[in-house]
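The following exercises concern a single molecular structure. Each sets a task and then works through the solution step by step.

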Amino acid sequence: MVTDAPPPEDGTAARPARPTTQSFAQVQESAEFGELRRTYRSFAFPLTVAFIAWYLLYVLLSNYAGGFMGTRLFGNINVALVLGLGQFLTTFLIAWFYSRHAAGKLDPKAEAIKARMESGTEADA
């Protein structure tokens, strides 16, 4: 973890409390942690399935629809090239979209859980 704060003068850093195994188990069973997991899964799983389907469509079209994929759109640009570049574009768009989603919805919830565990206070289930 990188921070902007300078190190302490005496060289000893105040470390957060180390959560116990029992506190980890309590947090995993809490409603707040369950909500965090649901929020993550409801975003990640559908996008993963959609991207895999899109990728498999590209592969199947490349293997079985050569005539369609070879169709020239303009100049030397054909359908296969456009769809291939679309794979890269969608990869970057999904990464960007996930980054925004995580920063807005996942990170604040995870940070609250982490802060509570490091301070030694338990979450109410």
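**Exercise 1. Determine which charged side chain Glu 35 meets within its own helix.**

Solution. The structure is a predicted model. The side chains of Glu 35 and Arg 38 form a salt bridge, with an N to O distance of 3.4 Å. The cut-off for a salt bridge is 4 Å between a side-chain nitrogen of Lys or Arg and a carboxyl oxygen of Asp or Glu, and therefore the pair qualifies. Both residues belong to helix α2, where three residues, about one turn of the helix, separate them.

**Exercise 2. Identify the partner of Glu 35 in helix α4 and describe the resulting network.**

Solution. Step one is to find the partner: Glu 35 also forms a salt bridge with Lys 109, and their closest N and O atoms are 3.7 Å apart. Step two is to place the residues: Glu 35 is in helix α2 and Lys 109 in helix α4, 74 residues apart, so that the pair links distant parts of the chain. Step three is to combine the contacts: through shared partners, salt bridges join Glu 35, Arg 38 and Lys 109 into one network.

Accessibility completes the solution. Partly exposed residues lie between the limits of 20% and 50% relative accessible area. Glu 35 is partly exposed because its value is 35%, and Lys 109 is partly exposed because its value is 27%.

**Exercise 3. State how many salt bridges are counted, and examine the one formed by Glu 32.**

Solution. The count comes to three salt bridges. Glu 32 pairs with Arg 116, the closest N and O atoms being 2.0 Å apart. Glu 32 lies in helix α2 and Arg 116 in helix α4, and 84 residues separate these distant parts of the chain. Glu 32 has a relative accessible area of 29% and is therefore partly exposed; Arg 116, at 23%, is therefore partly exposed as well.

**Exercise 4. Decide whether α2 and α4 are roughly parallel or roughly antiparallel.**

Solution. The axes of α2 (residues 31-64) and α4 (residues 79-119) come within 10 Å and cross at roughly 175°. Angles over 145 degrees count as roughly antiparallel, and α2 and α4 are therefore roughly antiparallel to each other. The residues of their contact comprise 19 nonpolar, seven polar and five charged.

**Exercise 5. Describe the nonpolar surface patch that includes Tyr 55.**

Solution. The patch consists of Ile 52, Tyr 55, Leu 56, Leu 60 and Tyr 64, which together have about 570 Å² of accessible area. Tyr 55 lies in helix α2 and counts as partly exposed because its relative accessibility is 42%.

Key. Residues numbered from 1 in each chain as written. Predicted model: local features only at pLDDT ≥ 70, side-chain atom pairs only at ≥ 80, totals over all residues. Heavy atoms only, no water. Patch = residues over 30% accessible without salt bridge, like charges linked within 9 Å, V, L, I, M, F, W, Y side chains within 5 Å. Areas by Shrake-Rupley, 256 points an atom, 1.4 Å probe, with all protein chains shown as cover. Helix = DSSP H or I, 4+ residues; strand = E, 2+ residues; numbered from the N terminus. Buried < 20%, exposed > 50% of the residue type's maximum accessible area, 1.4 Å probe, protein only. Axes fitted to C-alpha atoms, helices over the stretch in contact; angles between N-to-C directions. Parallel < 35°, antiparallel > 145°, perpendicular 65-115°, else oblique. Nonpolar A, V, L, I, M, F, W, Y, C, P; charged D, E, K, R; others polar.
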